[in-house]
Structure formats: C-alpha cells, structure tokens
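Trainee: Please give me a close account of the interior of this protein, in particular any enclosed space and the residues around it. I should also like to know how the surrounding parts of the chain are arranged.

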Amino acid sequence: MSTERFQTVLLFGAPGVGKGTQGRILGQIPGFYHLSCGEVFRSLDINSPEGREVCRYTSKGMLVPDEITIQIWKRHLDGLRMLSYFKPYEDLLILDGIPRNRAQAEILEQYVEVLKVIHLKSVDTEAMIHRIRRRAIRDNRVDDAHEDIIRKRFGIYEAETRPVLEFYTPRLITEVDAIGSPSDVLLKVLQCVVPVQNRHFRNEED
Ligand code: ADP
C-alpha cells in the first residue's frame, strides 16, 4: 500500500504566511505539483449545491467539514491524475491548506506519504493580516475582505491546525522563517524540498 501513496511535502502555516505563493512558484518547476485545498474550493461552481455548501463555511472563515473536504480534494486530485497533469511517479506533490486538523491528517495518511512538513513561520500576525487584506482586493476573496473573518481564521488555526504538527514526527518538520521577500523565502524552501525530491525521484538520465 505504501508504494501507492503519493510522495508529498506539506506547506504548513497560518493564513497569509505565504503557503500559496511558495506553492505556486514550486509548482512551476518540473518535478513538483502544487495543490492548494483553498483553490480547489474556489474552483467549484459557486451555484452548484456543493459550491454553495462549501461557501457557507469559507465565507465565514470556518473550516469546511472534514468529510466534504476530503471528498472534494480527493476527487480533484483523481481528476488531475487522470488528465496526467499530476504524475505521481514524476512529481513530488506539494500540498497546501490540507490537513487543517488532526482528523484530516489521519485520513490523508491513506493517500499520501508525507516526506517533509515545511512550517512557514511568522511572529508578525499584523503583517499577515495586512497581506491578506491586500490579497482580498487582488483575488476578489470574500473571506479576506473582513477583518473579523480574518481574525477568526487565525483563531481556528491556533486551536485546530497548529496542533497537526504534533501528528508528524519532529524529524519531518522544518521550520522556515516566512519573513522576507518571496525569493528570500523560496531559497529556504528549495533548500528543504530539493534534497527530498532528489531522494525520491530519479531522472531517467541518472
Ligand atoms: P488561507 O491560507 O489564507 O487560510 P486558503 O485558501 O488555504 O487560505 O483557505 C481558504 C478557506 O478555505 C479557509 O479559511 C477554509 O474555510 C477553507 N479551507 C481550505 N482548506 C481547508 C481544509 N483542509 N479543511 C477545511 N476547510 C478548508
């Protein structure tokens, strides 16, 4: 069973810390496939019953219930595999925004083998809130537009998501300072993920 699980690196951290930015850049590099759970939700048809159900939670800054989350996420990933966008034998999967609580971490174990958790850290919550408010305008995100909803997401992160770190053995976790320009942070992220990729994926020329 373990050979069937996707080789995966988790981008982990509070809202606005830069998981999406780093994930998108990594996803441009051959051999990495980035999948953001928040983006999967935002790609749903907003007028479908499922899209409306998900929006009921995201618009309030609440976590979407685990069963719906895993079901939608897995279906999306299966679709990407079927279309050969994501190639599990070539690509290291970079997940962002999932797991967001312990129950999700446990369920995910059947699908992914977590090789590394990159914990993007910033002590400056106010700076992150500022980033999120800028993003609200750029990306037209309702959940980013209201300060009370943003603060609620930070509360949920502390209460439910941060404890997910205890689920993984400490040697899998690398802390990366998320303060700095995207390229500053990228340098540190690459130092962490490139050796993982080299260990698990061999080029044909090798
Ligand atoms: P951010 O990292 O700024 O919180 P995301 O795009 O990752 O933004 O997530 C946006 C929203 O989507 C979250 O606030 C939550 O409502 C919902 N969401 C994303 N991923 C999950 C998940 N794994 N489980 C439950 N809800 C999720």
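Mentor: The account below begins with the enclosed space, follows one of its lining residues outward, and then turns to the core, the cysteines and two loop residues.

The model is a predicted one. It holds one cavity of 30 Å³ or more, and the space within that cavity comes to about 100 Å³. Its lining is made up of 13 residues; those nearest the centre are Gly13, Lys19, Gly97, Arg100 and Thr161. By class, the lining consists of eight nonpolar, three polar and two charged residues. Two elements, strand β1 (6-12) and helix α7 (147-161), each provide at least two of the lining residues. The greatest share comes from β1, which supplies three.

Thr161 deserves a closer look, since it is one of the residues nearest the centre of the cavity. It belongs to helix α7. Its relative accessible area is 6%, and because the limit for a buried residue is under 20%, Thr161 counts as buried. Once neighbours within four places in sequence are set aside, the contacts of Thr161 are Phe12, Pro99, Arg100 and Ile156. Of these partners, Arg100 is itself among the residues nearest the cavity centre. Thr161 also illustrates how distant parts of the sequence meet here: Arg102 stands 59 residues from it along the chain, yet their C-alpha atoms are separated by 7.5 Å.

Pro99, one of the contacts of Thr161, is notable for its backbone. The peptide bond that leads from Ile98 into Pro99 is cis, and its omega is near 0°. Pro99 sits in the loop that connects β3 (92-96) with α5 (102-108).

The nonpolar core can be considered next. In soluble globular proteins, nonpolar side chains tend to be buried together. In this model the largest nonpolar core has 55 residues, and the members that touch the most others are Trp73, Leu93, Leu95 and Ile118. Leu95 may serve as an example of such a member. Apart from residues up to four places away in sequence, Leu95 touches Thr8, Val9, Leu10 and Leu11, together with Leu35, Trp73, Leu108 and Val112. Trp73 thus appears both as a contact of Leu95 and as one of the core members with the most contacts to other members.

The cysteines form no disulfides: the count is zero. For Cys55, the nearest cysteine sulfur is that of Cys37, 15 Å away. Since a disulfide requires two cysteine sulfur atoms within 2.5 Å, Cys55 is in no disulfide. In exposure, Cys55 is partly exposed, at a relative accessible area of 24%, whereas Cys192 is buried at 9%.

Two loop residues complete the account. Ser84, in the loop between α4 (66-82) and β3, is not a glycine but has a positive phi of about 60°. Asn140, in the loop between α6 (125-139) and α7, likewise has a positive phi, of about 55°, without being a glycine. Ser84 is partly exposed, with 40% relative accessibility, while Asn140, at 70%, is exposed.

Note on methods:
Residues are numbered from 1 along each chain as its sequence is written. This is a predicted model: local features need pLDDT of at least 70, side-chain atom pairs count only at pLDDT 80 or more; totals for chains, interfaces and linings use all residues. Side-chain values use heavy atoms; hydrogens and water are left out. A nonpolar core is a set of buried Ala, Val, Leu, Ile, Met, Phe, Trp, Tyr and Cys residues joined through side-chain atoms within 4.5 Å. Buried means under 20% relative accessible area, exposed over 50%, partly exposed in between (1.4 Å probe, protein chains only). Contact means heavy atoms within 4.5 Å. On a 1 Å grid over the protein atoms alone, a cavity is a set of points where a 1.4 Å probe fits but cannot get out, and a pocket is an open set with protein on both sides within 12 Å along at least five of seven lines; lining residues have an atom within 4 Å of a point. Grid points are joined across faces, edges and corners, and a volume is the space filled by probe spheres set on the points. Helices (H or I, at least four residues) and strands (E, at least two) are DSSP runs, numbered from the N terminus. Ala, Val, Leu, Ile, Met, Phe, Trp, Tyr, Cys and Pro count as nonpolar, Asp, Glu, Lys and Arg as charged, and the others, Gly among them, as polar.
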